[in-house]
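Q: Please take a close look at one part of this structure and walk me through its setting. I would like to know what surrounds it, and then what else is worth a glance elsewhere in the chain.

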Amino acid sequence: MEQRRLGPVVGLGTWNTFRDDAALARAVVGAAFGAGVSCFDTSPMYSSERALGAALEGRRGEATVLTKIWTPSADEARSQLEDQLAWFGHVEVEQVHNLVAWEEHLPSLEAERDAGRIGKLGVTHYSSSAFGELARALRTGRFQTLQIPLNPHERTAERELLPLAAELGVAVIVMEPFDSGALVQRQPRAEELAPLREFGVKTWPQALLKWILSDPRVDLVIPATSKPERAAENAVAGEPPWLGPEERAYVERLAG
């Protein structure tokens, strides 16, 4: 799998997947590792952090953990971080989830980074209505990663955030590659995917992931799944060759 600034370009999201099911997490994470995935994204919001920590036991050194602080409270932020450090030992990318109290949290997060307990700092939001505030946060120069939705149905980030991230050297993480499932409810027929086979695409989810990763400004895409076989299937999309403008336009037409 191709590697960019955060590691292999296909990671694993955990929204609505593991919850507190450590056995399920071990199965999915094991399949992901086997397919070359090493970046795992989670959050206190997802109730998956503890299960992910259990699944990484014995393989923690192979993984990059991306998690989040999600609270307006400084005390609760401290509690969330302490839990994360207990489960993961170290957090490679600590993100302010959905911009909640991002200005208030920054000084303490920077202190934790300087102390070596966390690595890069990031900021996220799922809604394009917040992209202006995300841009303001990036322009402070204090964040190293940005997590946003991007797919053929949601391309708002292409207007300002992707160019800004490229200008500032900020690594881009893409959530919602399947538009919360809407893009995979109706899947193209096998013959419609045939023009993409030479790019290693066998399934519609792979086509959507490759559409995203064919933009070189994207460093990582994090599809979530609770199925081990799907984690392995998704990882295939991280291998070159990448789609050109014509192929990306074709995927957009198929997406409708």
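A: Let's begin with a term: two strands pair if DSSP finds at least two bridges between them. Strands themselves are DSSP runs of E with at least two residues, helices are runs of H or I with at least four, and both are numbered from the N terminus. What you see is a predicted model, in which local features need pLDDT of at least 70 and side-chain atom pairs count only at pLDDT 80 or more, while totals for chains, interfaces and linings use all residues. Residues are numbered from 1 along each chain as its sequence is written, and side-chain values use heavy atoms, with hydrogens and water left out.

The part to zoom in on is strand S9, residues 171–175. On one side, S9 runs parallel to strand S10 (residues 220–221), and 2 bridges join them. If you look for the contact itself, isoleucine 173 has leucine 220 of S10 as its bridge partner. S9 also pairs with strand S8 (residues 145–149), again in the parallel sense, over 5 bridges. There you will find leucine 146 opposite valine 172 of S9.

How does the chain get from S8 to S9? Helix H6 (residues 161–168) joins them in a β-α-β unit that is right-handed, meaning that, with the strands pointing away from the viewer, the path from the first strand over the helix to the second runs clockwise.

Next, is S9 covered or open? 5 of its 5 residues are buried, where buried means under 20% relative accessible area, exposed means over 50%, and partly exposed lies in between (1.4 Å probe, protein chains only). The cover is found on both faces: Ala171, Ile173 and Met175 are buried on one side, and Val172 and Val174 are buried on the other.

Follow the chain on from S9 and you come to serine 180, in the loop between S9 and helix H7 (190–193). Its phi is near 55 degrees, a positive value in a residue other than glycine. For background, most residues other than glycine have a negative phi, and most peptide bonds are trans. Serine 180 is exposed, with a relative accessible area of 59%.

Two other loops invite a similar look. Asparagine 16, in the loop between strand S3 (12–13) and helix H1 (22–34), has a positive phi of about 60 degrees and is partly exposed at 47% relative accessible area. Further along, the peptide bond from proline 240 to proline 241 is cis, with omega near 10 degrees, and proline 241 sits in the loop between helix H9 (228–235) and helix H10 (245–255).

Finally, a word on charges: side chains of opposite charge can pair when their charged atoms come close. The whole structure has 20 salt bridges, each a side-chain nitrogen of Lys or Arg within 4 Å of a carboxyl oxygen of Asp or Glu. One of them links arginine 217 and aspartate 215 at 2.9 Å, N to O. Arginine 217 is partly exposed at 27% relative accessibility, whereas aspartate 215 is buried at 6%. Elsewhere, Arg78, Glu82, Glu112 and Arg117 are joined into one network by salt bridges that share partners. Glutamate 2 and arginine 4 also meet in a salt bridge of 2.9 Å, N to O; glutamate 2 is partly exposed at 24% relative accessible area, and arginine 4 is buried at 17%.
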